[in-house]
Amino acid sequence: MKSDVELGLKAKLRPIEDIAKAIGIKEGDLLLFGKYKAKISFKLLEEVKGKPDGKLVLVTAMTPTKAGEGKTTTTIGLSQALARLKKKAMVCIREPSMGPVFGIKGGAAGGGYSQVLPMQDINLQFTGDIPAVTAAHNLLSAMIDNHIFQGNQLMIDHRRIIWHRVVDMNDRALRKVFIGIGDKSTPREDGFDITAASEVMAVLCLAESVKDLKERLGKIVVGYNMFGKPVTAKDLKAEGAMAAILVEAFNPNLVQTTEGVPAFVHGGPFANIAHGASSLIATKTALKLSDIVVTEAGFGADLGAEKFFDIVCRQGNLKPDCVVLVATIRALRLHGGAADYTKPDVKAVDTGFENLEKQI
């Protein structure tokens, strides 16, 4: 079996205009990023709102092992199977963060013959959405410290600032830092989170319009003042500038699978600290453009799927028509107490079904 990279590079990609045409998107509604990547325009987002929705399929998994159970591969593969059955299908998944890409976890563009392509672009910067989130987040960080430097009219308590900075990399040395040394700034403790963990990313993926995005950004709490009251991005008058940075990032990204199924790859909030799904605007737009949309929720069913139902569905008024629960023998062994989940263990598999039953 060839590696994912080899298979991805050998796949014959179709021009993104052809992929768009298959789901009724005109060339004038595309913002092109080369031959095989594009963003869809605001104009199209408005035009499709009145169309009926297709069916929504959510892919989740039982509590995963550290090896991963293949939710993304299943999501992409299922969309391709539906297309083989002559269904007008689309897939919606999250954008990969470069931290996991260069870490043990690797990329998040599927695997084998079930990938979104061009996978190397998607895994590395893509259309610049994650750098835009990084910039918008760190702009707010800069404005907090600058506000304190300029006289601190809001009386922000520098000991109670909860807004960290972000970087799209696993840089352990930056998790806790001390800033403001060497000039007239206020020295204080700070830290860097990974960009996918930014509240800006979560906000981007739940917003349904640029106006909604700006309002949500304004509600972000950055810390507390000397009287214990919350201070928001709106108090700092930061939401407009943040939204300006994110305007293009708000538009869903269109690519294709190894078999030419249209795919929206947009947004990437982590499921352990946010809602763990691709952008709501991408999913809702895909439902207007196709008969069946296959999407996935991060982590296991008891985390990502619950958040999809409790947060994403409520926010976007979505009602999944079907749920696919990925389960593997390897995972069943692990949750059944096997010392080595790579080796056969019938008793452990039997015991592991208790966990699978819980997820169902």
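**Exercise 1. The largest pocket**

Task: In this predicted model, find which elements each supply at least two residues of the lining of the largest pocket, and work out which of them gives the most.

Solution. Start with the elements: α4 (71-84), α5 (98-102) and β5 (110-111) each supply at least two residues of the lining. Helix α4 gives the most, with three residues.

Next, look at the space itself. The largest pocket has a volume of about 1,200 Å³. It is lined by 37 residues, and the closest to its centre are Gly68, Lys71, Lys105, Gly107 and Ala108.

Finally, sort the lining by class: 15 residues are nonpolar, 14 are polar and eight are charged.

**Exercise 2. The second largest pocket**

Task: Describe the second largest pocket by its volume, the residues closest to its centre and the classes of its lining.

Solution. Begin with volume: about 220 Å³ of space lies in this second largest pocket. Then go to the lining, which has 13 residues; His164, Val177, Glu189, Asp190 and Gly191 are the closest to the centre.

Now map the lining onto the fold. Strands β7 (156-161), β9 (177-179) and β10 (188-190) are the elements that give two or more residues to it. By class, the lining of the second largest pocket divides into six charged, four nonpolar and three polar residues.

**Exercise 3. A cavity and one of its lining residues**

Task: How many cavities of 30 Å³ or more are there, and which residues line the largest cavity? Then follow Met98 to see what it touches.

Solution. The count comes to one cavity of 30 Å³ or more. The volume of the largest cavity is about 50 Å³.

Its lining is made up of Glu95, Pro96, Met98, Ile122, Asn123, Leu124, Gln125, Phe126, Ile130, Pro131 and Asp168. Helices α6 (119-123) and α7 each supply at least two of the lining residues. Seven residues of this lining are nonpolar, two are polar and two are charged.

Now pick out Met98, which sits in helix α5. Its relative accessible area is 12%, so Met98 is buried. Leaving out residues up to four places away in sequence, Met98 touches Asn123, Leu124, Gln125, Asp168 and Met169. For one of these partners, compare sequence with space: Met98 and Leu124 are 26 residues apart in sequence, while their C-alpha atoms lie 6.5 Å apart.

**Exercise 4. A helix under cover**

Task: Decide how many of the residues of helix α8 are buried, name what covers them and find the residue that caps its N-terminal end.

Solution. Helix α8 spans residues 199-206, and seven of its eight residues are buried, which leaves it mostly covered. The buried ones are Val200, Met201, Ala202, Val203, Leu204, Cys205 and Leu206.

Look around the helix for the cover. It includes α7 (129-149), α9 (210-218), α10 (239-246), α11 (280-289) and α12 (301-316).

Then check the N-terminal end of α8. Ser198 caps it, with a side-chain oxygen 2.9 Å from the backbone nitrogen of Val200.

**Exercise 5. Two residues to classify**

Task: Are Thr283 and Gln359 buried or exposed? List what each one touches, not counting residues up to four places away in sequence.

Solution. The cut-off you need is that buried means under 20% relative accessible area.

Take Thr283 of helix α11. Its relative accessibility is 2%, so Thr283 counts as buried. Thr283 touches Leu56, Cys92, Ser278, Thr295 and Leu318.

Turn to Gln359, found in helix α14 (residues 346-359). With 13% relative accessibility, Gln359 also counts as buried. Its contacts are with Met62, Thr63, Ala301, Asp302 and Leu325.

**Exercise 6. The chain as a whole**

Task: Why can the chain be called as compact as a globular protein of its length?

Solution. First, take stock of the fold: the chain has 14 helices and 17 strands. Its radius of gyration is 22 Å, close to the 21 Å that the globule rule gives for 360 residues, so the chain is as compact as a globular protein of that length.

Add the outline: along the principal axes, the C-alpha atoms fill a box of roughly 65 × 55 × 35 Å. Of the 360 residues, 50% count as buried.

To finish, consider the contacts with a separation of 6 or more: residues 24 or more positions apart account for 70% of them.

How values were computed
Residues are numbered from 1 along each chain as its sequence is written. This is a predicted model: local features need pLDDT of at least 70, side-chain atom pairs count only at pLDDT 80 or more; totals for chains, interfaces and linings use all residues. Side-chain values use heavy atoms; hydrogens and water are left out. Buried means under 20% relative accessible area, exposed over 50%, partly exposed in between (1.4 Å probe, protein chains only). Helices (H or I, at least four residues) and strands (E, at least two) are DSSP runs, numbered from the N terminus. Contact means heavy atoms within 4.5 Å. A polar contact is a pair of N or O atoms within 3.5 Å; within protein, one must be able to donate a hydrogen and the other to accept it, and residues adjacent in sequence count only if both atoms are side-chain atoms. On a 1 Å grid over the protein atoms alone, a cavity is a set of points where a 1.4 Å probe fits but cannot get out, and a pocket is an open set with protein on both sides within 12 Å along at least five of seven lines; lining residues have an atom within 4 Å of a point. Grid points are joined across faces, edges and corners, and a volume is the space filled by probe spheres set on the points. Ala, Val, Leu, Ile, Met, Phe, Trp, Tyr, Cys and Pro count as nonpolar, Asp, Glu, Lys and Arg as charged, and the others, Gly among them, as polar. The radius of gyration is taken over C-alpha atoms; the globule rule is 2.2 Å times the number of residues to the power 0.38.
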